[in-house]
Amino acid sequence: MLPPLVQRFVLHFGEMGSRWGINRTVGQIYALLFVSPRPLNADEIAEGLAFSRSNVSMGLKELQSWRLVKLQHLPGDRREYFSAPEDVWAIFQTLAEERRKREVDPTLSMLRDALLEAPTDPAEQHAQARMREMHDLIELTTGWFEEVRAMDQERLVELMKLGKKVGKLLDARDRFIGGKGHA
């Protein structure tokens, strides 16, 4: 039986996982590994979560495909043990990279192909113009993401703490220059 605090976190993470597009079981497995003070084997995970061993195995495979768990072997034990990375920033970065590869990159590829086509009627011209707007926004955000990803953690924390101050700085720049969006 999991301690109440751990159980609440695991259940919540499972529910949130389903909203983020991952299986509830996978979310709960990850949450358990994240808060566990030591690596766990599949049997321990199955017992702790009251899941079947096969559900745990499938969930671990999915988490491995996302690079969100580390597999290790302990001396004198043939079983495989799993743990979540310790560094929450590394976890966040891995999640962002995997989501980009699985969701953003295919969308950009489709949009690039669509923008190479020659529209034949006004409806296609309108659709293509809207697709260009989407393409340009996604390109801008992925470019920004790559720049942010290249920052070291200390610099990234500094940037995030700036928050509204960046907007105020841009507002002051616009007042000084006399217009919006001048660089």
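Where does Arg67 lie? In this predicted model, Arg67 is placed in the loop between H4 and strand S2 (70-73). The report below starts from this residue and moves outward to the charged contacts, the surface patches and two long separations along the chain.

## Arg67 and its surroundings

The backbone of Arg67 has a phi near 60°, a positive value in a residue other than glycine. Arg67 is partly exposed, its relative accessible area being 41%. Its side chain makes a polar contact of 2.8 Å with the side chain of Glu98.

Glu98 belongs to helix H5, which spans residues 88-116. With a relative accessible area of 4%, Glu98 is buried, because buried means under 20%. The polar contact between Arg67 and Glu98 therefore pairs a partly exposed residue of 41% relative accessible area with a buried one of 4%.

Which residues are linked with Arg67 in a network of salt bridges? The network consists of Arg67, Glu97, Glu98, Arg100, Lys101, Arg102, Asp105, Glu146 and Arg149. Glu98 thus appears both in this network and in the polar contact with the Arg67 side chain.

## Salt bridges

The structure holds 16 salt bridges. Three of them are described here, including their N to O distances and the accessibility of each partner.

| Salt bridge | Closest N to O distance | Relative accessible area of each residue |
|---|---|---|
| Arg53 and Asp43 | 2.8 Å | Arg53 42%, Asp43 40% |
| Glu98 and Lys101 | 3.1 Å | Glu98 4%, Lys101 43% |
| Glu103 and Arg99 | 2.8 Å | Glu103 37%, Arg99 31% |

Arg53 forms a salt bridge with Asp43, with the closest N and O atoms 2.8 Å apart. Arg53 lies in helix H4 (residues 53-65) and Asp43 in helix H3 (residues 42-49), so this pair ties together parts that are 10 residues apart in sequence. Arg53 is partly exposed, and Asp43 is likewise partly exposed.

Glu98 and Lys101 are both located in helix H5, where 3 residues, about one turn of the helix, separate them. Their side chains meet in a salt bridge of 3.1 Å from N to O. Here Glu98 is buried, whereas Lys101 is partly exposed.

Glu103 and Arg99 also both lie in helix H5, at a spacing of 4 residues, about one turn of the helix. Their side chains meet at 2.8 Å from N to O. Glu103 is partly exposed, and Arg99 is partly exposed too.

## A second residue with positive phi

Besides Arg67, whose phi is near 60°, Ala50 has a positive phi of about 60° although it is not a glycine. Ala50 lies in the loop between H3 and H4. Is Ala50 buried or exposed? Its relative accessible area is 69%, and Ala50 is therefore exposed, the cut-off for this class being over 50%.

## Surface patches

A patch of negative charge on the surface gathers Asp113, Glu117, Asp121 and Glu124. Within this patch, Glu117 lies in the loop between helix H5 (88-116) and helix H6 (122-149). Glu117 is exposed, at a relative accessible area of 55%.

Phe34, Val35 and Val88 make up a nonpolar patch on the surface, and together they have about 220 Å² of accessible area. Phe34 lies in helix H2, which covers residues 24-35. At 33% relative accessibility, Phe34 counts as partly exposed.

## Separations along the chain

Gly21 is found in the loop between helix H1 (4-19) and helix H2 (24-35). Gly21 counts as exposed, at 65% relative accessibility. Between the C-alpha atoms of Gly21 and Asp77 the separation is 35 Å, while the two residues are 56 residues apart along the chain.

His12 has its place in helix H1 and counts as partly exposed at 47% relative accessibility. What distance separates the C-alpha atoms of His12 and Ala172? They are 42 Å apart, with these positions 160 residues apart along the chain.

Note on methods: Residues are numbered from 1 along each chain as its sequence is written. This is a predicted model: local features need pLDDT of at least 70, side-chain atom pairs count only at pLDDT 80 or more; totals for chains, interfaces and linings use all residues. Side-chain values use heavy atoms; hydrogens and water are left out. Patches are made of residues with over 30% relative accessible area and no salt bridge: like charges are joined within 9 Å, nonpolar side chains (Val, Leu, Ile, Met, Phe, Trp, Tyr) within 5 Å. Accessible areas come from the Shrake-Rupley method with a 1.4 Å probe; for residues, only the protein chains shown count as cover. Lys and Arg count as positive and Asp and Glu as negative; His and the chain ends are not counted. The place of a charge is taken as NZ of Lys, CZ of Arg, CG of Asp or CD of Glu. Helices (H or I, at least four residues) and strands (E, at least two) are DSSP runs, numbered from the N terminus. Buried means under 20% relative accessible area, exposed over 50%, partly exposed in between (1.4 Å probe, protein chains only). A polar contact is a pair of N or O atoms within 3.5 Å; within protein, one must be able to donate a hydrogen and the other to accept it, and residues adjacent in sequence count only if both atoms are side-chain atoms.
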